[in-house]
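Thanks for asking me to look this one over. Here are my notes, set out point by point so you can follow along in your viewer.

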Amino acid sequence: MEARTVESFRVEVPQASLDDLDRRLASIRWPGDVDNDAWRYGTPRAYLEELVDHWRHQYDWRSHEAAMNELPHFRTEIDGFPIHFIHVRGKGPNPLPIVCTHGWPWSFWDLRGLIGPLTDPVAHGFDSTDSFDVVIPSLPGFTFSTPLPVGHFSTRDVAGLWVKLMQDVLGYGTFCAQGGDWGAHVCTELAHAFADRIHGIQVTMPAFNGIDRENIDPADCGPGEEDYEARTRARLAHAKAHSAVQGTDPQSLAYAMHDSPSGLLAWLVERRRNWSDCEDAEGNRDVERRFSKDELLTLTSLYWHTDSFWSCLRIYYGRFSVPWQPAHRRSPIVEAPTALAVFPGDLIFTPRRTCERVANIARWTLQPAGGHFAAAEEPGLVASEVREFFRQFRT
């Protein structure tokens, strides 16, 4: 086993970066915007101006930085990849180790709401025997897991890195995995290519390899699933733009985003609005029903101050421009026990019977609220799913 150095890490953005950001925000060259109050053409200028004003005059990065530093951060290097992660040990007789993986446009900070309920269940009204050792890494090329040492990488690559992080670096044996968006893809790769290393996976999106989403059999739809295809089609209509550019020519987009904090903010916020469960009773979407201005700006600040927008896109190239190859031909493809929590505001909906053709589905639940950013929107629901599913693997 290769010895790897693990170093404590603190989030410390240089003041020069904060000053440069303010200068850029003070000199934005605003484009015109007509008839866009309903976000028909993307993020409205009026709302973006409101966010930028908040960013300049009310938002306090240092307070959010201090909150991040209340948790134990670490950095290590695995196979040439610098990996940042939070590691909080559970308060209980025999905590289960779990690695929780974020997606895009998320960051490690979006998973913070899982830490308390999973590491200290007694403080949240649950039994001490349900505790976990929680590990939350930043994906390669994202925020503090930089600089990216390769041109692109795949979710299979990340799964292999996580196995080494959990077993070789942190010394755990078999472990649990949880994730949404890219995190769900990483979990699926763990359950496919590294099934013997994990207890199972809990995911909030059906990112199962082997499903032909263009030809799902209508006969697979059970009660309540009849509209899954239509819902997926409607939701993915708002995901085509970023998937196309980020999956084919991400560097061209990166130049604009690395030069313009307002452009970066507009790109990230539109996706937070379109993909979260933020509709009111009349069907109007308001991103701040789910994420405060400070939360939106913290996400954007993390990408801005780490210069990581360009590198976080390379996982898209690795997924969409490089054909996926199975690690084995056994059935089901996703071998490890798998739990899926279906959130009503997510992007992709797949009938249970379809999923069962390729994955070892051991738990399937329908959630009352939450969208694509489930762990950030409804951390209590996600923590409950994790607690219930992995209880069977405790000794």
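The points below go through the core, the pockets and the aromatic contacts.

1. A word on the source before anything else: this is a predicted model, so please read the values as computed from predicted coordinates.

2. Let's begin with the nonpolar core. The largest one holds 119 residues, and the members touching the most others are Trp 104, Leu 190, Phe 208, Phe 309 and Phe 390. Helix H5, spanning residues 155–169, is the top contributor to this core, with eight residues.

3. If you have docking grids in mind, you may want the largest pocket next. Its volume is about 1,100 Å³. It is lined by 35 residues, with Arg 213, Glu 214, Leu 236, Phe 320 and Ile 348 the closest to the centre.

4. Which helices each supply at least two residues of that lining? They are H6 (182–193), H7 (228–236), H8 (240–248) and H13 (314–320). H7 gives the most, with five residues. By character, the lining of the largest pocket divides into 18 nonpolar, nine polar and eight charged residues.

5. The second largest pocket encloses about 270 Å³ of space. Among its 16 lining residues, Trp 30, Pro 31, Thr 43, Leu 48 and Ala 266 lie nearest the centre. Helices H2 (45–57) and H10 (261–275) each supply at least two residues of this lining, and H10 gives the most, with three. The lining of the second largest pocket is made up of six nonpolar, seven polar and three charged residues.

6. On to the rings: the structure holds 20 aromatic pairs. One of them joins Trp 39 and Tyr 47, whose centres are 5.8 Å apart with the planes at 50 degrees, so this pair is tilted. Trp 39 is buried, at 14% relative accessibility, and Tyr 47 is buried too, at 13%.

7. Phe 74 and Phe 85 make another pair, with ring centres 5.6 Å apart; their planes meet at 25 degrees, so the pair counts as stacked. Phe 74 belongs to strand E2 (residues 73–78) and Phe 85 to strand E3 (residues 81–88), so the contact ties together parts 11 residues apart in sequence. Phe 85 is buried, with 0% relative accessibility.

8. Ring pairs also link Trp 104, Trp 106, Trp 182, Trp 275, Phe 291, Tyr 316, Phe 320 and Phe 373 into a cluster. Within this cluster, Phe 291 has Arg 272 over its face, 4.6 Å from the ring centre. Elsewhere, the charged end of Arg 394 sits over the ring of Phe 132, at 4.6 Å from its centre.

How values were computed. Residues numbered from 1 in each chain as written. Predicted model: local features only at pLDDT ≥ 70, side-chain atom pairs only at ≥ 80, totals over all residues. Heavy atoms only, no water. Core = buried A, V, L, I, M, F, W, Y, C linked by side-chain atoms within 4.5 Å. Buried < 20%, exposed > 50% of the residue type's maximum accessible area, 1.4 Å probe, protein only. Helix = DSSP H or I, 4+ residues; strand = E, 2+ residues; numbered from the N terminus. 1 Å grid on protein atoms, 1.4 Å probe; cavity = no way out; pocket = protein on both sides within 12 Å on 5 of 7 lines; lining within 4 Å. Points joined across faces, edges and corners; volume = space filled by probe spheres on them. Nonpolar A, V, L, I, M, F, W, Y, C, P; charged D, E, K, R; others polar. Phe/Tyr/Trp six-rings, centres within 6.5 Å; stacked < 30°, edge-to-face > 60°. Lys NZ or Arg CZ within 6 Å of the ring centre and 35° of its normal.
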